[in-house]
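Welcome! Please take a moment to look over the sequence and the model, and then let us walk through them together.

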Amino acid sequence: MSFPCLQTQSDFLVICNVAKILELVVPLMEHPSETFLATIEEDLMKLILKHGMTVVQHCVSCLGAVVNRVTHNYKFVWACFNRYYGK
């Protein structure tokens with residue numbers, strides 16, 4: 001999924017609010033599909049890396065909740081941030 005239309009303050013507000021909702025709801029899901037979880041992780045990481053501080057707080061918080069409470073996919077997050085920051 002790509003986010004080409006994130007240009008206005010309203011666009012970013014929607015993304016931030018969706019991230020807040022996902023942060024609260026995903027850890028409560030009993031059996032979320034692997035595909036759904038992978039998509040959420042990937043899309044949140046893309047938003048964090050592409051849009052910076054505008055959405056970082058909400059997306060990092062949501063990604064942290066999904067990874068820490070559901071997927072435990074720490075290697076994915078580590079690899080993405082290492083690749084982004086060139087380490």
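Here is a short tour, from the core to the helices and the cysteines. Keep in mind that this is a predicted model.

A good place to begin is the largest nonpolar core, which has 20 residues. Within this core, Leu44, Val55, Cys59, Leu63 and Val66 touch the most other members. Where does the core come from? At least two of its residues are supplied by each of helix 1 (9-25), helix 2 (34-51), helix 3 (53-71) and helix 4 (74-85). Helix 3 gives the largest share, with seven residues.

To see the core from one residue's point of view, pick out Val55. Beyond its neighbours within four places in sequence, Val55 is in contact with Phe12, Ile15, Cys16 and Leu47.

Now let your eye move along to helix 4. This helix has 12 residues, and from its first C-alpha to its last it reaches 17 Å, close to the 16 Å expected at 1.5 Å a residue. Just after helix 4 comes Gly86, which takes a positive phi of about 70°.

Finally, come back to two cysteines, Cys16 and Cys59. Cys16 is buried, with a relative accessible area of 8%, and Cys59 is buried too, at 0% relative accessibility. How many disulfides does the structure hold? It holds zero. Why is Cys16 not bonded to Cys59? The sulfur of Cys59 is the closest cysteine sulfur to that of Cys16, but it is 6.4 Å away, which is too far for a bond, because a disulfide needs the two sulfur atoms within 2.5 Å.

Definitions and conventions
Residues are numbered from 1 along each chain as its sequence is written. This is a predicted model: local features need pLDDT of at least 70, side-chain atom pairs count only at pLDDT 80 or more; totals for chains, interfaces and linings use all residues. Side-chain values use heavy atoms; hydrogens and water are left out. A nonpolar core is a set of buried Ala, Val, Leu, Ile, Met, Phe, Trp, Tyr and Cys residues joined through side-chain atoms within 4.5 Å. Buried means under 20% relative accessible area, exposed over 50%, partly exposed in between (1.4 Å probe, protein chains only). Helices (H or I, at least four residues) and strands (E, at least two) are DSSP runs, numbered from the N terminus. Contact means heavy atoms within 4.5 Å. The expected span of a helix is 1.5 Å times one less than its number of residues.
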